[in-house]
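Thanks for making time this morning. I would like to walk through one model with you, starting from individual charged pairs and ending with an interface between two chains.

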4 protein chains.
Amino acid sequence: MAKKLNVGLIGSGFMGKAHSIAYATIPTLFPDAAAHPHRYIVADVNDELSKEAAAHFGFDKWTSNWKDLINDDSVDVIDIVTPNFVHKEMAIAAAEAGKHVFCEKPLALNKQESKEVYEAAKKAGIKTGMGFNYRKSQALAFAKKLIDQGKIGTVYGFRGMYLNDWAKDPETPLSWRFEKNKAGSGVIGDQCTHVMDMARYLLGEIDRVSAWTKTLLKERPKPTAAFDDLGKKPSGGSSDMAPVDVDDACGILVEFNSGVMGVLESSRFATGRGNHIFFEINGSKGSIRFDWERNNELWYASNDDEFEERGYRRIIMGPAHPNGDAFWPIAGINTGYAEATAINLKDFLDAVVDGGDVDPNFEDGWRIEEIVDAALRSNESGKWEKCHE
Amino acid sequence: MAKKLNVGLIGSGFMGKAHSIAYATIPTLFPDAAAHPHRYIVADVNDELSKEAAAHFGFDKWTSNWKDLINDDSVDVIDIVTPNFVHKEMAIAAAEAGKHVFCEKPLALNKQESKEVYEAAKKAGIKTGMGFNYRKSQALAFAKKLIDQGKIGTVYGFRGMYLNDWAKDPETPLSWRFEKNKAGSGVIGDQCTHVMDMARYLLGEIDRVSAWTKTLLKERPKPTAAFDDLGKKPSGGSSDMAPVDVDDACGILVEFNSGVMGVLESSRFATGRGNHIFFEINGSKGSIRFDWERNNELWYASNDDEFEERGYRRIIMGPAHPNGDAFWPIAGINTGYAEATAINLKDFLDAVVDGGDVDPNFEDGWRIEEIVDAALRSNESGKWEKCHE
Amino acid sequence: MAKKLNVGLIGSGFMGKAHSIAYATIPTLFPDAAAHPHRYIVADVNDELSKEAAAHFGFDKWTSNWKDLINDDSVDVIDIVTPNFVHKEMAIAAAEAGKHVFCEKPLALNKQESKEVYEAAKKAGIKTGMGFNYRKSQALAFAKKLIDQGKIGTVYGFRGMYLNDWAKDPETPLSWRFEKNKAGSGVIGDQCTHVMDMARYLLGEIDRVSAWTKTLLKERPKPTAAFDDLGKKPSGGSSDMAPVDVDDACGILVEFNSGVMGVLESSRFATGRGNHIFFEINGSKGSIRFDWERNNELWYASNDDEFEERGYRRIIMGPAHPNGDAFWPIAGINTGYAEATAINLKDFLDAVVDGGDVDPNFEDGWRIEEIVDAALRSNESGKWEKCHE
Amino acid sequence: MAKKLNVGLIGSGFMGKAHSIAYATIPTLFPDAAAHPHRYIVADVNDELSKEAAAHFGFDKWTSNWKDLINDDSVDVIDIVTPNFVHKEMAIAAAEAGKHVFCEKPLALNKQESKEVYEAAKKAGIKTGMGFNYRKSQALAFAKKLIDQGKIGTVYGFRGMYLNDWAKDPETPLSWRFEKNKAGSGVIGDQCTHVMDMARYLLGEIDRVSAWTKTLLKERPKPTAAFDDLGKKPSGGSSDMAPVDVDDACGILVEFNSGVMGVLESSRFATGRGNHIFFEINGSKGSIRFDWERNNELWYASNDDEFEERGYRRIIMGPAHPNGDAFWPIAGINTGYAEATAINLKDFLDAVVDGGDVDPNFEDGWRIEEIVDAALRSNESGKWEKCHE
């Protein structure tokens with residue numbers, strides 16, 4: 001019998017919606033989970049938004065003061081889905097209030113702030129979770145399983161990229177994602193960190209990097225209101241322009257602690273790419289590759305196949321794969337982002353009840369910000385930079 | 001402000017789960033819908049299953065007598081997700097009780113029974129919905145939009161298929177899906193009807209057919225318990241064998257009322273295919289094609305493109321496409337089966353409140369059974385057979 | 001040491017070019033073949049075309065009287081690459097002259113004429129070859145090998161199609177391919193026969209069919225000169241229109257002699273399709289599929305793979321596959337149509353010297369015309385029709 | 001009327017065969033070319049190989065002394081297809097003899113030697129050609145056309161890779177490709193240079209790089225004879241091992257002279273990859289991408305398409321595309337490596353007669369070796385390195 005955990009959600013944008021859907025479905029997808037969420041209270045910046053969020057997202061209560069929510073004794077876990085620049089303050093406050101905290105990525109605006117958050121949480125002894133939701137999909141968990149089973153053998157290389165084109169239109173207004181003081185960084189932190197997360201999940205820590213970053217469009221129309229439309233058809237720009245001070249594209253050479261070498265890349269100006277979160281791992285026994293645009297597939301090539309029958313095999317996710325019981329009884333009926341998000345939150349909530357480790361957690365959030373920082377430093381120095389303390 | 005409708009769900013298998021997830025998410029996905037479902041009561045064949053269903057699927061109440069549910073004055077709509085052979089009795093009873101009814105496909109075991117159900121519902125003046133969920137996906141609605149906009153021009157042909165391989169293992173036990181008296185027919189009714197539904201949705205009524213059907217495996221192990229594992233790794237078969245008396249594969253030539261010619265096909269023995277619900281429509285101005293295994297993509301080729309730049313274009317579903325506001329703000333973040341199911345149920349519930357037409361409805365369910373019947377007759381007669389009264 | 005065979009080529013269009021290239025490369029691709037062709041003499045309808053053909057195609061001599069070529073004692077084999085309507089006369093004349101004959105498909109305009117040609121060749125005791133070149137590619141031979149090795153097991157079904165869009169533009173003039181008295185039939189004979197050939201090659205004879213055929217555009221501009229531009233940008237049409245009296249699309253249900261059921265389809269109005277010659281074979285142990293647009297790949301799915309690792313495998317043709325020594329030393333360097341044509345002609349020439357059987361030969365050409373005839377009859381009768389005497 | 005040029009070919013391995021096939025087909029593919037090759041004389045290291053080469057490759061004469069060939073007055077052009085370590089000596093000798101020279105890549109073992117060759121050719125005033133054959137395919141020329149037409153707009157980024165797996169098997173013997181003194185470098189020079197060539201062709205010169213290189217397998221079996229089996233099933237290894245002293249994989253960040261940033265990568269240990277020469281170019285108006293494994297396709301996405309209809313378009317090469325008249329009259333009939341090689345050699349020979357520029361030529365060969373050198377230096381220095389003098 002699952003223990004009910006009251007969730008306090010801060011933020012009501014795209015990710016707030018995603019998390020709310022996840023909370024709504026976890027009890028049915030995972031009836032035997034240790035914990036089941038209850039949508040208890042939600043907060044946004046004003047009454048109107050907060051009230052609407054409660055109505056739309058199925059929460060019992062709302063407040064426009066997030067601190068009330070953190071201090072509410074009925075709240076078991078805090079879930080932070082606000083823009084990046086307030087993550088730190090909220091996460092530390094929640095930790096200090098002794099609440100378990102799940103935070104959307106990035107953990108904070110940079111590695112220093114992220115470390116502060118990590119340490120506050122560690123000191124508080126709480127469970128922490130990070131919103132690297134993509135990696136929780138069936139295909140990624142199956143990739144991990146194949147690696148752990150030795151099917152890939154000695155790893156020979158990693159390539160990863162996250163390409164989309166949501167920012168390519170010059171008329172797309174300057175949302176907070178284009179401002180360093182609100183976003184921390186550009187595509188490297190917003191997108192490339194998902195690839196870093198997958199890389200670390202599958203192959204362990206990244207040791208050092210050599211990188212370039214680039215701002216492709218130097219200015220954008222000021223928005224006429226605060227919003228974050230991402231890939232919607234551009235609207236709401238004024239005729240005034242404002243500067244973009246973060247990166248739109250990046251390329252990164254990496255060396256893992258294991259000595260494995262790799263290449264990462266990201267762009268939000270890659271016309272024709274939707275949500276191409278791609279990686280490929282080559283090893284002595286086989287290879288795997290993945291593309292989120294076709295998130296229900298994992299491609300696997302094995303050197304154990306007969307020489308003339310070797311080739312990349314398209315494995316369609318289904319009931320035989322990780323978390324298969326939660327979803328559909330035939331491969332290819334398909335899940336999407338909602339299900340990956342549900343798995344991530346379920347794993348976090350279960351750990352709160354069970355006391356187990358959460359993966360990914362605030363340490364991962366911090367370590368990834370260290371990698372981002374090293375890449376940004378490398379872009380300045382023109383040299384390889386060590387990632388971690 | 002959405003009106004709350006109390007749902008009575010009969011059945012707690014795979015589709016019961018899918019519908020429950022849909023009900024859980026509709027209020028968040030579609031905050032402005034006319035109706036929002038409330039999971040009020042669920043019924044299955046015994047107390048244990050019914051109680052568990054209520055717990056897992058988030059219903060307030062349960063009963064092991066589905067008639068109680070139909071006669072419960074608090075119930076606004078009945079949702080039937082039982083095995084095929086009880087659809088008729090339940091749907092007619094619900095209609096006669098004046099309840100609006102949503103029924104998973106097929107409407108009943110054959111065209112005669114389906115007509116009875118259709119007529120009972122018509123007589124009762126209720127709203128009806130059919131569980132052809134796949135066609136409610138973003139890509140299908142966008143396909144329809146392109147056709148309606150004239151982007152395809154005069155239609156030149158239709159090809160459709162539904163291939164998977166869940167039944168290929170001889171050790172897969174004989175579930176009710178392999179028995180004519182419980183399933184009505186085999187792959188033609190279970191799978192091929194989804195292609196027929198898409199064909200009719202996009203191109204209108206099918207007039208006549210010439211068909212073959214085939215049982216590929218004549219007998220299977222008797223199951224050791226009642227279950228329907230579909231594509232899970234086979235288990236639970238006894239050493240006793242029982243005959244399969246329905247079709248495992250079919251091929252169908254079709255002529256639409258419009259004179260357009262087409263080809264349909266289905267198999268559940270197509271090793272390597274996951275859930276390949278495919279169609280392609282060629283026309284004088286362009287073509288579209290779709291494969292459910294990659295349900296977030298619609299392929300479109302236009303003769304309006306420059307001659308040397310012509311080619312099939314892979315359009316990734318996102319916020320610009322039908323129901324885009326309900327889902328994610330960047331193309332390719334992806335939805336799956338749950339979202340298509342949610343759209344179908346939302347459309348039905350909205351019509352209950354708004355009084356609009358539902359599409360697909362029981363008449364569609366009946367018409368499709370007429371096509372199935374004509375194909376089965378054609379397999380016997382060796383001739384083209386008219387589909388409809 | 002290969003024996004040199006003098007080739008007499010009749011016709012200098014697209015296929016004459018393809019064959020000439022094949023002749024030019026056979027000695028280098030297959031140094032150890034029993035026979036090597038020598039481009040001895042070429043004929044077309046007038047001096048200008050014939051002379052140009054000799055110059056462009058590398059032949060020693062030319063004539064504008066194809067009978068001279070047939071009666072030339074120095075000529076060892078006759079190769080017929082003219083439009084369909086003269087195949088019969090030429091092939092019979094060549095056979096009667098005791099020359100070995102290779103004929104582009106179709107063998108003649110219909111089954112009766114094809115039988116006459118077949119019987120004339122049989123009576124003459126000559127070697128015959130048919131221009132079903134596509135099936136000679138590495139991937140097709142490898143498909144055959146997998147089937148022969150039992151990797152597919154009991155065959156469960158065949159689907160095949162040949163879709164392209166070269167005829168979709170209404171301004172494409174009426175070449176001989178749109179006239180029944182010159183072409184014999186439309187897409188069914190011109191394209192669908194390639195799929196029939198692959199089907200028969202891999203699975204044996206087709207016993208009976210049920211079919212529809214359709215003329216999608218009833219008239220076209222008369223051409224201002226005799227030409228056959230196929231998929232080039234349309235040009236050369238006059239303002240006068242002339243009727244099309246052959247089929248542009250067809251759909252065919254088939255039953256093989258083995259009892260295996262299948263579906264065939266073809267269209268030359270399938271906007272977006274280039275040269276999509278596709279087939280898929282499902283069996284009890286595995287499946288294979290192929291698409292000529294990616295002719296260097298064969299897809300194979302095996303039920304011998306671990307349950308959770310099953311999936312269609314993309315095998316890239318290379319040195320490990322049939323005729324691999326003739327081509328490149330790494331898979332994926334790629335061959336095209338020229339190489340498939342070279343293999344077909346090499347196999348024919350080798351048989352002339354070795355005395356072995358040729359596959360495909362005139363009997364295949366005739367048998368396929370019987371299938372075409374049965375399909376056209378079925379389109380009229382609305383019933384299944386037997387294919388063969 | 002094409003001028004006949006007598007070719008002297010040095011080397012008779014895989015590339016000798018490819019060139020010979022090209023020479024055999026050029027007159028038929030390009031009847032209106034300024035020059036047509038005549039296979040006059042071929043040389044290899046001993047009489048047996050040289051004699052066999054003449055027989056197999058269709059050359060009139062042979063010699064086992066390549067200097068005789070260079071000094072033969074009847075020879076118009078020298079074509080060097082030997083292993084890398086003798087390119088320099090032969091190319092300089094040929095230049096000094098006043099012969100026009102085509103050389104397979106790399107031009108020489110490193111940038112210094114390559115410069116010597118380039119300067120010798122420049123001094124001699126001869127025409128030079130380089131065997132970067134892949135880029136001469138229809139799809140690459142069409143990519144260039146789209147860029148030149150402004151369809152891509154301002155370039156935002158380049159990613160390229162060349163992945164295959166021919167070297168992954170530890171039992172593959174140590175051919176000259178694994179020895180620095182014979183090959184110059186490993187995968188970076190053998191494979192990655194093809195991507196560099198495509199990058200430079202499409203986007204101009206590369207200015208600086210940051211790179212890693214890696215030897216993945218430190219030793220291999222000594223071969224029992226001199227051979228270069230590449231992707232064939234490994235054989236011919238002895239039980240003695242010898243060290244590999246070149247790179248098996250590399251990752252390279254690049255900056256073009258234009259300021260465009262990019263990422264290159266290469267591996268010959270990428271299990272599952274056949275001949276994956278891939279690039280993608282994103283720009284303000286559109287994107288293109290290409291994969292040699294499907295060399296008859298170019299993918300193009302345009303921001304001029306309607307917002308909701310945007311997507312990567314698969315354009316199948318055919319008669320409408322560059323050099324389309326040389327090949328087949330319907331898109332998708334397909335060409336392979338032989339045709340790309342033929343175009344490259346045809347372009348070179350035409351320039352010899354016409355006096356035009358050749359692209360690519362020895363300067364390109366040298367410049368690419370400069371990039372390779374900079375990448376190898378960067379691997380040592382850990383810093384960005386300038387590529388060119």
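In this predicted model, the side chains of A:R377 and A:E385 come together in a salt bridge, with a nitrogen-to-oxygen distance of 3.1 Å. The two partners do not fall in one accessibility class, because A:R377, at 29% relative accessibility, counts as partly exposed, whereas A:E385, with a relative accessible area of 16%, is buried.

In chain B, the arginine at position 377 is part of a salt bridge with B:D373, and here the N to O distance is 2.7 Å. What separates these two residues along the chain? They are 4 residues apart in helix α10 of chain B, which spans residues 362–381, so about one helical turn lies between them. B:R377 is partly exposed, its relative accessible area being 29%, and B:D373 is buried, with a value of 16%.

Salt bridges also occur as connected sets: A:K105, A:R177, A:D190 and A:D228 are joined into one network by salt bridges that share partners.

Staying with chain B for a moment, the side chains of B:R208 and B:E255 form a salt bridge at 2.7 Å, N to O. This pair ties together parts that are 47 residues apart in sequence, because B:R208 sits in strand β8, residues 206–214, and B:E255 in strand β11, residues 249–256. B:R208 is partly exposed, with 26% relative accessible area, while B:E255, at 18%, counts as buried, the limit for that class being under 20%. To put these examples in context, a search of the whole structure, over all chains, returns 147 salt bridges.

Let me turn from charged pairs to the nonpolar interior. The largest nonpolar core contains 522 residues, and those with the most contacts inside it are A:I252, B:I252, C:I252 and D:I252. Taking the chain A copy, and leaving out residues up to four places away in sequence, A:I252 touches a set of residues that includes A:I188, A:C192, A:M196, A:V209, A:V263 and A:L264. The list for A:I252 also includes D:L253, which belongs to chain D.

Next, two individual positions that I found worth a look. D:S302 is placed in strand β15 of chain D, and at 4% relative accessibility D:S302 counts as buried. A polar atom of the D:S302 side chain lies 2.9 Å from the backbone nitrogen of D:D304. Beyond its neighbours within four places in sequence, D:S302 is in contact with D:K285, D:G286, D:R310 and D:R313.

The other position is C:D72, which lies in the loop between α3 (66–71) and β4 (77–80) of chain C. Is C:D72 buried or exposed? It is buried, with a relative accessible area of 15%. Not counting residues up to four places away in sequence, C:D72 touches C:Y40, C:I41, C:K61 and C:K99. As a measure of separation, C:D72 and C:A167 are 95 residues apart in sequence, and their C-alpha atoms are 39 Å apart in space.

That brings me to the interface of chain D and chain C, where 48 residues of chain D are in contact with 49 residues of chain C. The area buried between these two chains is about 3900 Å², and carbon and sulfur atoms give 59% of that area. Of the area that chain D buries against chain C, 16% is supplied by D:T28, D:R294 and D:W328, which is more than any other three residues supply.

How many salt bridges cross this interface? The rule finds 4 between chain D and chain C. In one salt bridge, C:E293 pairs with D:R314, and their closest N and O atoms are 2.8 Å apart. The count of residue pairs in polar contact between chain D and chain C, both at pLDDT 80 or more, is 26.

As for which elements carry the chain D side, α1 (14–29), α2 (47–57), β15 (297–302), β16 (312–316) and α9 (337–354) each supply at least two residues. With 10 residues, α1 of chain D gives the most to the side that touches chain C. Divided by residue type, that side of chain D has 24 nonpolar, 14 polar and 10 charged residues.

Terms used:
Residues are numbered from 1 along each chain as its sequence is written. Chains are lettered from A and ligands numbered from 1 in the order in which they are written. This is a predicted model: local features need pLDDT of at least 70, side-chain atom pairs count only at pLDDT 80 or more; totals for chains, interfaces and linings use all residues. Side-chain values use heavy atoms; hydrogens and water are left out. A nonpolar core is a set of buried Ala, Val, Leu, Ile, Met, Phe, Trp, Tyr and Cys residues joined through side-chain atoms within 4.5 Å. Buried means under 20% relative accessible area, exposed over 50%, partly exposed in between (1.4 Å probe, protein chains only). Contact means heavy atoms within 4.5 Å. Buried area is the accessible area (1.4 Å probe) that two parts lose on being put together, summed over both. A polar contact is a pair of N or O atoms within 3.5 Å; within protein, one must be able to donate a hydrogen and the other to accept it, and residues adjacent in sequence count only if both atoms are side-chain atoms. Ala, Val, Leu, Ile, Met, Phe, Trp, Tyr, Cys and Pro count as nonpolar, Asp, Glu, Lys and Arg as charged, and the others, Gly among them, as polar.
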